[in-house]
Amino acid sequence: MDLTFTPEQLAFRDELRTWLREHGPEGALTPEPRDEDEQWEWRRAWQRTLHAGRWAGVHWPTEVGGRGATLSETAIFFEELGRSGAPLPADVLGILLAGPTLMVWGDDAQKDRLLPTILSADETWCQGFSEPDAGSDFGAVKTRAVRENPDDPESDWLVTGQKVWTSGAQYAKWCMLVARTDDTAGAKKHAGLTYFVLDMEQAAVDVRPLVQITGSPEFNELFLDDARIPNSMVVGGVGNGWKVALTTLMNERAGLAFFLQVRLRQQLDKLVAAAKRNGSVDDPIVADRLADLHVRTEALRLMAWKGLTAIEQYGQPGPEGSLTKWLWSETNQLLVQLAVDVVGADALTMEDSWGFELLRARGNSIEGGTTEIQKNIIAERVLGLPRAR
Ligand SMILES: Cc1cc2nc3c(=O)[nH]c(=O)nc-3n(C[C@H](O)[C@H](O)[C@H](O)COP(=O)(O)OP(=O)(O)OC[C@H]3O[C@@H](n4cnc5c(N)ncnc54)[C@H](O)[C@@H]3O)c2cc1C
């Protein structure tokens, strides 16, 4: 593919760079607070600043507050955001997952009610897919939704069950919830799933934060006990939840790949500088590991752009995205482990950002689909090998 930007793309990038210089970390953006709740409010305020500049959802259509940006412009946006050192907006799940899913599957009333408050961060989202016994095996979802009045096709739904690892649920107004509405479907377990929008502000929804190894309660357990969902909040039709959820999952990585590869490059540059400062770069083993990380980071950058070509050709992200996810998580984990060797014991105190990064990176090979699952996808759908089972 041709990686040279067109004059329009260069103009888009320059406009964004100027805006980020004024509003980002070099400009008006105050330093990130340490406290979890304050950090959330800080990122929400950052999203509002992005929204005021019409940068919160560049890939969203202009009618709903976006810029109708092309795929390449969206990639440029995430690269530049990462390069400026600015954070992602608070409601990544709403902007990258819920909004685009509603644009494909939502009816007009759902779009009118739910889309306008996403970019402005007035209402934020969480993703209620995983359960204690249903992570990689999404079809094993047990949370049940039943109609309050089975004879009335417009009746409200009552949902009972447990979700887990629900990021941002403690702040969310809405949840993309997948629940079982038919368990008579037998072996075809994906067939009995329905995709709902659940209002989190009700007593029947109990959110219990789970503290991660980093010390932050980034995600939660969600206990639902007859939680009420109006029938108007079924997305894409009853029994169609698997297909709707696939749209959500497909959107999960598309833009983030660019942000993550730039952040990886910044972390690597920071590590190389630290290795030069304390002389460990002269150790051939350290130099070799740094060189390996450089090659991996560059490969990731090129793979992110190649993935974009696939979307332009086929209209949606292809299974090759699994390769990027696998390579990114592995490289990030290798990088933070090397940082510990280079920086020494200081990296292990929470005063040093490497300490946080080291602990947080453990989840990289699990979140958004585990490495084993990515390898299965690559084996079966990219290399065409026989199915494992
Ligand atoms: C930081 C973080 C944030 C998250 N946020 C959310 C969120 O907001 N919403 C949400 O719904 N979920 C979220 N998750 C959950 C995440 O999607 C799941 O943890 C993930 O899909 C794995 O599911 P599991 O934990 O149930 O593990 P399991 O699926 O039980 O897997 C256990 C182990 O078995 C392996 N395994 C399973 N099946 C196979 C197979 N077929 N072949 C080979 N190996 C296999 C896995 O790779 C893994 O090593 C988050 C997770 C993390 C770490």
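**A walk around the ligand and a few residues**

Okay, let's start right at the ligand: one of its oxygen atoms sits 2.8 Å from a backbone N or O atom of S130. That makes it a polar contact, meaning a pair of N or O atoms within 3.5 Å; within protein, one must be able to donate a hydrogen and the other to accept it, and residues adjacent in sequence count only if both atoms are side-chain atoms. On its own the ligand exposes 990 Å², and the protein buries 69% of that. Those areas come from the Shrake-Rupley method with a 1.4 Å probe, and for residues only the protein chains shown count as cover.

Before I go on, a word on what you're looking at. This is a predicted model, where local features need pLDDT of at least 70, side-chain atom pairs count only at pLDDT 80 or more, and totals for chains, interfaces and linings use all residues. Residues are numbered from 1 along each chain as its sequence is written, and side-chain values use heavy atoms, with hydrogens and water left out.

Back to the ligand. Two of the contacts go to nitrogen: a polar side-chain atom of S167 is 2.8 Å from a ligand nitrogen, and an N or O atom in the side chain of N376 is 3.0 Å from a ligand nitrogen.

How many residues surround the ligand? There are 18, and the closest are Q127, S136, W165, T370 and E372; to be near, a residue needs a heavy atom within 4 Å. By class, that shell has 5 nonpolar, 9 polar and 4 charged residues. Here Ala, Val, Leu, Ile, Met, Phe, Trp, Tyr, Cys and Pro count as nonpolar, Asp, Glu, Lys and Arg as charged, and the others, Gly among them, as polar.

Where does the shell come from? Helix α12, residues 371-382, gives the largest share, 3 residues. Helices (H or I, at least four residues) and strands (E, at least two) are DSSP runs, numbered from the N terminus. Domain 2 (123-242) and domain 3 (255-382) each supply at least three residues of the shell.

The domain assignment, automatic or from a database, also gives domain 1 (7-90). The C-alpha centres of domain 1 and domain 2 are 30 Å apart, and 4 residues of domain 1 are in contact with 6 residues of domain 2, contact being heavy atoms within 4.5 Å.

Now, inside domain 2, take T194, in strand β5 (residues 193-199). Is T194 buried or exposed? Buried, because its relative accessibility is 0%; the cut-offs are under 20% for buried, over 50% for exposed and partly exposed in between, with a 1.4 Å probe and protein chains only. The T194 side chain makes a polar contact of 2.6 Å with the side chain of T181, and a polar atom of the T194 side chain is 2.8 Å from the backbone nitrogen of G239.

S155 is another one to click on, in the loop between β2 (144-147) and β3 (157-164). S155 counts as buried because its relative accessible area is 5%. A polar atom of its side chain is 3.2 Å from the backbone nitrogen of E148.

Last stop, backbone angles. A121 isn't a glycine, yet its phi is positive, about 60 degrees. A121 is in the loop between α6 (116-119) and β1 (125-128), and is buried at 0%. D226, also not a glycine, has a positive phi of about 60 degrees, but D226 is in strand β7 (residues 219-229) and is partly exposed at 43%.
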